[in-house]
Amino acid sequence: MPAHEPKHCPRCGTAFECRVGNIERCQCQVVTIPEEVADELQAAYGDCLCAACLKELVGEAAGA
């Protein structure tokens, strides 16, 4: 199982820990990301984003 990985958000630069080895405890799990939004984010950023950016971008996509 892969270890946790320190990362920096490619959108805002915030440091966070990606927990790909324990995805249920990863910081990204606090955000529900629709599949079409996930595809757009992957194309635009190519890597994990911090939870704050995910919340903001998902909210924008939902029109919030």
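**Reading salt bridges and a hairpin**

Me: Glu56 has a relative accessible area of 40%, so it is called partly exposed. Between which cut-offs does partly exposed lie?

Reply: Partly exposed covers the range between buried, under 20%, and exposed, over 50%. Keep in mind that this is a predicted model. With its 40%, Glu56 is therefore partly exposed.

Me: Which residue forms a salt bridge with Glu56?

Reply: Look for the closest side-chain N and O atoms. Here the partner is Arg11, and those atoms are 3.1 Å apart. Arg11 sits in the loop between strand S1 and strand S2 (15-18), while Glu56 belongs to helix H2, so the pair links distant parts of the chain, 45 residues apart. Arg11 is partly exposed too, because its relative accessible area is 30%.

Me: How many salt bridges does the structure hold?

Reply: There are three. Another one joins the side chains of Asp47 and Lys7, at 2.6 Å from N to O. This pair also links distant parts of the chain, 40 residues apart: Asp47 lies in the loop between helix H1 (35-45) and helix H2 (51-61), and Lys7 in strand S1 (residues 5-8).

Me: Is Lys7 buried or exposed?

Reply: Compare the value with the cut-off: buried means under 20%. Lys7 has a relative accessible area of 12%, so it is buried. Its partner Asp47 reaches 39% and is therefore partly exposed.

Me: Where does Glu17 find a salt-bridge partner?

Reply: Go to Arg19, whose side chain meets that of Glu17 at 3.1 Å, N to O. Both ends can be read with the cut-offs you now know. Arg19 has 23% relative accessibility and so counts as partly exposed. Glu17, at 36%, is partly exposed as well.

Me: Which side chains of S2 point to the face opposite that of Glu17?

Reply: To read a strand, follow its side chains one by one. Along S2 they alternate: Phe16 and Cys18 point to one face and are buried, whereas Ala15 and Glu17 point to the other and are not.

Me: How do S1 and S2 run, and how many bridges join them?

Reply: They run antiparallel, joined by four bridges. For one of the pairings, start at Glu5 and cross to S2, where its bridge partner is Cys18.

Me: Which residue in the hairpin of S1 and S2 takes a positive phi?

Reply: Check the backbone angles in the turn region. In this hairpin, with six residues between the strands, Gly13 has a positive phi near 90°.

Note on methods
Residues numbered from 1 in each chain as written. Predicted model: local features only at pLDDT ≥ 70, side-chain atom pairs only at ≥ 80, totals over all residues. Heavy atoms only, no water. Salt bridge = Lys/Arg side-chain N within 4 Å of Asp/Glu carboxyl O. Helix = DSSP H or I, 4+ residues; strand = E, 2+ residues; numbered from the N terminus. Buried < 20%, exposed > 50% of the residue type's maximum accessible area, 1.4 Å probe, protein only. Pairing = 2+ DSSP bridges.
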